[in-house]
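Subject: Structure handover and notes

Dear colleague,

I am passing on the structure we spoke about, together with my notes on it. Please read them beside the sequence and the coordinates.

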Amino acid sequence: MSVTLYHWEPNANSGKPMLTLAEKGVAYESHYLDLLQFDQHKPAYLAVNPDGTIPAMVHDGRVLTESTPMMEYIDDAFPGPPLKPRDPAARWRMRWWMRFFDAYFAPSLSMIGWSIFVGPAARQRPAEELRAAIARIPLESRRIAWRKALFNEFSAEELAESRRRVLFATLALEDHLSRSTWIAGDAYSLGDINGFNLGYALPLSQPDHCNDAKTPHIMEWLRRIYERPAARATWAKGRTQMASRISILERSKRA
Ligand SMILES: N[C@@H](CCC(=O)N[C@@H](CS)C(=O)NCC(=O)O)C(=O)O
């Protein structure tokens, strides 16, 4: 049995299979791709995932993409603690939240992150080099995202709409967690892994909306997940300041 994971920092989509594999106790060969160096668009990786997006996982020769179905595959294919509830209603609840995280919350948070972090961090190169890098991106949707980030082309309206959605989603999550210990009810599940990867840095990136006073249930949920050995081990694999933002969840630090 061999598992290879192509990933960037433990964060958003890459962190989802990383944390799931850690929770299941599955050893894997790690291929770190530096997103800011456009490693994901280089031929060696396009031979694995022609879309040029991360993460991708190879299990016994089978290539898997799309981080959320990838988490479900990991849970089903390997021994270890189950990460999906058996009860149909709880499983529906888990998938409801994963859909909300992926389709609504993540794209809005990502647009803000790309405008204030990814764009400025990758922009420090000559415009011609950046244009050539964009031309090598296989997916049109990713070419557009990169162009907007690298040339600061996100409009004020779309950023305002993303901020509105992030606030709406944060309040919805706080409301849910005020009534439910974990995303799907009584047991930790893939829904929590998904939400944690999306939201672990919310207290830093959205300090006015996500903090101990306004969203105490989100804060407690994030801290409980961060205290899990699998989460500690996964974020210890981070190489940049992006992953080290997780230290905001140390209980000694009140947000
Ligand atoms: N829906 C895909 C999205 C994959 C995706 O877009 N990943 C981002 C990183 S979080 C990426 O590869 N960005 C690099 C790029 O666009 O060049 C998934 O969940 O795996």
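The notes below take the domains, the ligand, a helix pair and some backbone details in turn.

This is a predicted model, in which local features need pLDDT of at least 70 and side-chain atom pairs count only at pLDDT 80 or more, while totals for chains, interfaces and linings use all residues. Residues are numbered from 1 along each chain as its sequence is written.

The domain assignment (bounds come from an automatic or database assignment) gives domain 1 (3-77) and domain 2 (88-249), and their centres, taken over C-alpha atoms, are 17 Å apart. Their contact (C-beta atoms, placed from the backbone, within 7 Å) takes 24 residues from domain 1 and 29 residues from domain 2. On the side of domain 1 that touches domain 2, the elements giving two or more residues are H1 and H3, with the largest share, eight residues, coming from H1. Helices here are DSSP runs of H or I with at least four residues, and strands are runs of E with at least two, numbered from the N terminus.

The ligand is surrounded by 14 residues (C-beta atom, placed from the backbone, within 6 Å of it), of which Asn 13, Thr 53, Ile 54, Ser 67 and Arg 142 are the closest. Because both domain 1 and domain 2 give residues to this shell, the ligand lies between them. Helices H1 (12-24), H3 (67-77) and H6 (140-150) each supply at least two residues of the shell. By class, the shell has six nonpolar, six polar and two charged residues, where Ala, Val, Leu, Ile, Met, Phe, Trp, Tyr, Cys and Pro count as nonpolar, Asp, Glu, Lys and Arg as charged, and the others, Gly among them, as polar.

H1 also packs against helix H8 (residues 190-199) at an angle of about 140°, with the axes 8 Å apart; axes are lines fitted to C-alpha atoms over the stretch in contact, and angles run from 0 to 180 degrees between N-to-C directions. That makes H1 oblique to H8, since angles under 35 degrees count as roughly parallel, over 145 as roughly antiparallel, 65 to 115 as roughly perpendicular and the rest as oblique. Among the residues making the contact are Ala 12 and Gly 15 of H1 and Leu 190 and Ile 193 of H8.

Two backbone details remain. Ala 12, found in helix H1, has a positive phi near 40° although it is a residue other than glycine. Ile 54 and Pro 55 are joined by a cis peptide bond with omega of about 10°, and Pro 55 is found in the loop between helix H2 (43-46) and strand E3 (56-59).

Best wishes

Definitions and conventions:
Two residues are in contact if their C-beta atoms, placed from the backbone, lie within 7 Å.
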